[in-house]
Amino acid sequence: MDNCIFCKIINKEVPSKIVYEDERVLAFDDINPRAPIHVLLIPKEHFGTLNEIPEEKKDILSHLLLKARQIAQEKGIAENGYRIVLNTERDSGQEVFHIHFHLLGGRQMKWPPG
Ligand code: 5GP
Ligand code: ZN
């Protein structure tokens, strides 16, 4: 999608530190990490938010989640634990409107989140 920063990252028009890539998803380091490990996982197909994922595309969500789990295992944070965040729309604080899971780990998380 034109003017979407994450689509530009997918197309390699904007550089990123890629952690994992396959035909459906891309995972890359967050540019402003909030934890020692902070990876973003996105579908290569553009959807603005969770609200825009149609029922017939629901498999992308489980694929993203299990890839987040795999990255957590590979980065050595699976045992101690990690947090997966999916901000949706304005009240959540979503800033980039290409759906993305945050994978955060490597430190103790607080609860509830702000
Ligand atoms: P949101 O608030 O939308 O859930 O999170 C957007 C995230 O994208 C933020 O954590 C922000 O640091 C990250 N981000 C925004 N622009 C870029 C970028 O150009 N490159 C990378 N790697 N991360 C970005
Ligand atoms: Zn996009």
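These are my notebook entries on a predicted model, going from its largest pocket and ligand to single residues and backbone oddities.

**Entry 1: the pocket**

I began with the largest pocket, and its volume comes out at about 910 Å³. Its lining has 31 residues, and I noted Asp30, Asn32, Arg34, His38 and His102 as the closest to the centre. I then looked up which elements give two or more residues to that lining: α1 (5-10), β2 (25-29), β3 (37-43), β4 (82-85) and β5 (101-105). The largest share is from α1, with three residues. By type, I have the lining down as 13 nonpolar, ten polar and eight charged residues.

**Entry 2: ligand 1**

Next I checked what sits around ligand 1. There are 16 residues around the ligand, with Asp30, Glu95, Val96, His100 and His102 the closest. Asp30 and His102 were already in my notes, since both are among the residues closest to the pocket centre.

Which atoms lie 2.8 Å from an oxygen of ligand 1? One is an N or O atom in the side chain of His100, and another is a polar side-chain atom of His102. I also wrote down Val96, which has a polar backbone atom 2.9 Å from an oxygen atom of the ligand.

**Entry 3: His102**

I stayed with His102, given its place beside the ligand. This histidine is in strand β5. Buried or exposed? I have His102 as buried, because its relative accessible area is 13%, and the cut-off for buried is under 20%. Its side chain also makes a polar contact with the side chain of His38, at 2.8 Å. Away from its sequence neighbours, His102 touches Asp30, His38, Val39, Leu40, Arg83, Ile84, Val85 and Asn87. Two of those partners, Asp30 and His38, are also listed with His102 among the residues closest to the pocket centre.

**Entry 4: His98**

Then I moved to His98, in the loop between β4 and β5. Its relative accessible area is 0%, so I logged His98 as buried. Its contacts beyond four places in sequence run through Cys4, Phe6, Cys7 and Ile10, then Ile42, Pro43, Glu45, His46, Phe47 and Gly48. For orientation, residues 5-10 make up α1 and residues 37-43 make up β3.

**Entry 5: Ala27 and Val19**

I took these two together, as Ala27 and Val19 are in contact. Ala27 is in strand β2, whereas Val19 is in strand β1, residues 18-21. Ala27 has 0% relative accessibility and is therefore buried. Val19 is at 26%, so I put Val19 down as partly exposed.

For Ala27, the contacts outside the four-residue window are Lys17, Ile18, Val19, Tyr20, Val39, Leu40, Leu41 and Ile71. For Val19, they are Ala27, Phe28, Asp29, Val39, Ile71 and Lys75. Val39 and Ile71 turn up in both lists.

I checked two C-alpha distances here as well. Val19 and Asp29 are ten residues apart along the chain, and I get 6.9 Å between them. Ala27 and Glu74 are 47 residues apart along the chain, with a separation of 13 Å.

**Entry 6: Glu56**

Glu56 is in the loop between β3 and α2 (59-74). Its relative accessibility is 66%, and that is why I have Glu56 as exposed. How far apart in space are Glu56 and Pro33? C-alpha to C-alpha I get 33 Å, for 23 residues in sequence.

**Entry 7: backbone oddities**

I closed with the backbone. Most residues other than glycine have a negative phi, and most peptide bonds are trans, so I went looking for exceptions.

Lys12 has a positive phi, near 65 degrees. Lys12 is in the loop between α1 and β1, and counts as partly exposed because its relative accessibility is 48%.

Glu89 also has a positive phi, about 70 degrees, and is not a glycine. I found Glu89 in the loop between β4 and β5, and at 32% relative accessibility this residue is likewise partly exposed. That loop also holds His98 from Entry 4.

Which residues are joined by a cis peptide bond? I noted Trp111 and Pro112, with omega at about 0 degrees. Pro112 is in the segment after β5.

Notes
Residues numbered from 1 in each chain as written. Chains lettered and ligands numbered in written order. Predicted model: local features only at pLDDT ≥ 70, side-chain atom pairs only at ≥ 80, totals over all residues. Heavy atoms only, no water. Buried < 20%, exposed > 50% of the residue type's maximum accessible area, 1.4 Å probe, protein only. Contact = heavy atoms within 4.5 Å. 1 Å grid on protein atoms, 1.4 Å probe; cavity = no way out; pocket = protein on both sides within 12 Å on 5 of 7 lines; lining within 4 Å. Points joined across faces, edges and corners; volume = space filled by probe spheres on them. Nonpolar A, V, L, I, M, F, W, Y, C, P; charged D, E, K, R; others polar. Near = heavy atom within 4 Å. Polar contact = N/O pair within 3.5 Å; in protein donor to acceptor, adjacent residues only side chain to side chain.
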